[in-house]
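Subject: The structure we talked about

Hi,

Here is the structure I promised to pass on. Have a look at it first, then read my notes below.

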Amino acid sequence: SDVCSSDLQLRPVALDDLGLSDALRDYVRLWSKHFKVRADFHSRGWEEAVRPAPQVENNLYRIAQEALNNVSKHANASRVDVLIERRDHHLALIIEDNGLGFETAETGGETMGLISMRERAALLGGQFEIESFPGKGTTVYVRVPLGGEKPPERAGPDRTE
């Protein structure tokens, strides 16, 4: 089983070959089989012809990996839904489980996994939110601009919008 979990951690060549949606679909299927948790993947508004920037694909893929890693370690869930959706100029990634959940205010700071997901989203100029309630499961919500370049803090006088 060590082989499988290390395989699950690598950035797959599939990300370059297939694009984010299909690579995530494959990952979710593998993860589901390995951890014996029902996991469904959904994508909406997706056209593979229009690919997000590589760093957007890579970071969203990594966030999904980290979120599913947390589910397998802590949630004791029987079901997970992973959704990636393109909306106008944004991509949304939502990972929802029906596991144990936790009191977000009482975790005494964020775990390394949550910190790394938050940092990856910030790197893309995006937002990261987590909602969890004891006994009600957890939802991770990430929204990033499609371009993937972090917007400048302040547009300079010579910058055209």
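Before you look at the helices, one cut-off will help: two axes count as roughly parallel when the angle between them is under 35 degrees, and as roughly antiparallel when the angle is over 145. Please also keep in mind that this is a predicted model.

**The overall layout**

The protein chain has five helices and five strands. Starting at the N terminus, the order of elements is α-α-α-β-α-β-β-α-β-β. Of its 161 residues, 39% count as buried. If you take the contacts between residues at least 6 apart in sequence, 69% of them join residues at least 24 apart.

**Helix 4 and its two partners**

Two packed helices are described by the angle between their axes and the distance between the axes. Let's do that for two pairs, both involving helix 4.

Start with helix 3 and helix 4. Their axes cross at roughly 15° and come within 11 Å. That angle is under the 35 degree cut-off, so helix 3 and helix 4 are roughly parallel to each other. Their crossing is right-handed. On the helix 3 side, the residues that make the contact are Leu-20, Ala-23, Leu-24, Tyr-27, Val-28, Trp-31 and Phe-35. They meet a set of helix 4 residues that includes Leu-60, Tyr-61, Ala-64 and Leu-68. Sorted by class, the residues of this contact are 12 nonpolar, three polar and one charged.

Now for helix 4 (residues 54–75) and helix 5 (residues 112–123). These two pack at an angle of about 160°, and their axes are 10 Å apart. Are they parallel or antiparallel? With an angle over 145, helix 4 and helix 5 are roughly antiparallel to each other. The crossing of this pair is left-handed. Here helix 4 uses Asn-59, Arg-62, Ile-63, Glu-66, Ala-67 and Asn-70, while the helix 5 residues they meet include Leu-114, Met-117 and Arg-120. The contact has six nonpolar, four polar and three charged residues.

**The core**

In soluble globular proteins, nonpolar side chains tend to be buried together. In this model, the largest nonpolar core has 38 residues, and the members that touch the most others are Leu-60, Val-80, Leu-93, Ile-95 and Val-142. Several elements give two or more residues to this core, among them helix 3 (20–35), strand 1 (38–44), strand 2 (79–87) and strand 5 (137–145). Which element gives the largest share? That is helix 4, with nine residues.

Leu-60 is a good one to click on. Leaving out residues up to four places away in sequence, Leu-60 touches Leu-20, Ile-84, Leu-91, Leu-93, Val-142 and Val-144. Leu-20 belongs to the helix 3 side of the contact with helix 4, and Leu-93 and Val-142 are on the list of core members with the most contacts to other members.

**Two buried strand residues**

Phe-128 is in strand 4. Its relative accessibility is 7%, so Phe-128 counts as buried. Not counting neighbours within four places in sequence, Phe-128 is in contact with Leu-114, Met-117, Arg-118, Ala-121, Val-140, Tyr-141 and Val-142. For Met-117 there is a distance too: Phe-128 and Met-117 are 7.5 Å apart from C-alpha to C-alpha and 11 residues apart in sequence.

Ile-94 sits in strand 3. It counts as buried as well, at 14% relative accessibility. With neighbours within four places left aside, the contacts of Ile-94 are Asp-81, Val-82, Leu-83, Arg-87, Thr-139, Val-140 and Tyr-141. Ile-94 and Ile-130 are 36 residues apart in sequence, with 9.7 Å between their C-alpha atoms.

**Two loop residues with a positive phi**

Most residues other than glycine have a negative phi. Lys-36 has a positive one, near 55°. You'll find Lys-36 in the loop between helix 3 and strand 1. Is Lys-36 buried or exposed? Its relative accessible area is 72%, so Lys-36 is exposed.

Asn-76 also has a positive phi, near 55°. Its place is in the loop between helix 4 and strand 2. At 63% relative accessibility, Asn-76 counts as exposed.

Over to you!

Definitions and conventions:
Residues numbered from 1 in each chain as written. Predicted model: local features only at pLDDT ≥ 70, side-chain atom pairs only at ≥ 80, totals over all residues. Heavy atoms only, no water. Axes fitted to C-alpha atoms, helices over the stretch in contact; angles between N-to-C directions. Parallel < 35°, antiparallel > 145°, perpendicular 65-115°, else oblique. Left-handed = near helix turned anticlockwise from the far one by under 90°. Contact = heavy atoms within 4.5 Å. Nonpolar A, V, L, I, M, F, W, Y, C, P; charged D, E, K, R; others polar. Core = buried A, V, L, I, M, F, W, Y, C linked by side-chain atoms within 4.5 Å. Buried < 20%, exposed > 50% of the residue type's maximum accessible area, 1.4 Å probe, protein only.
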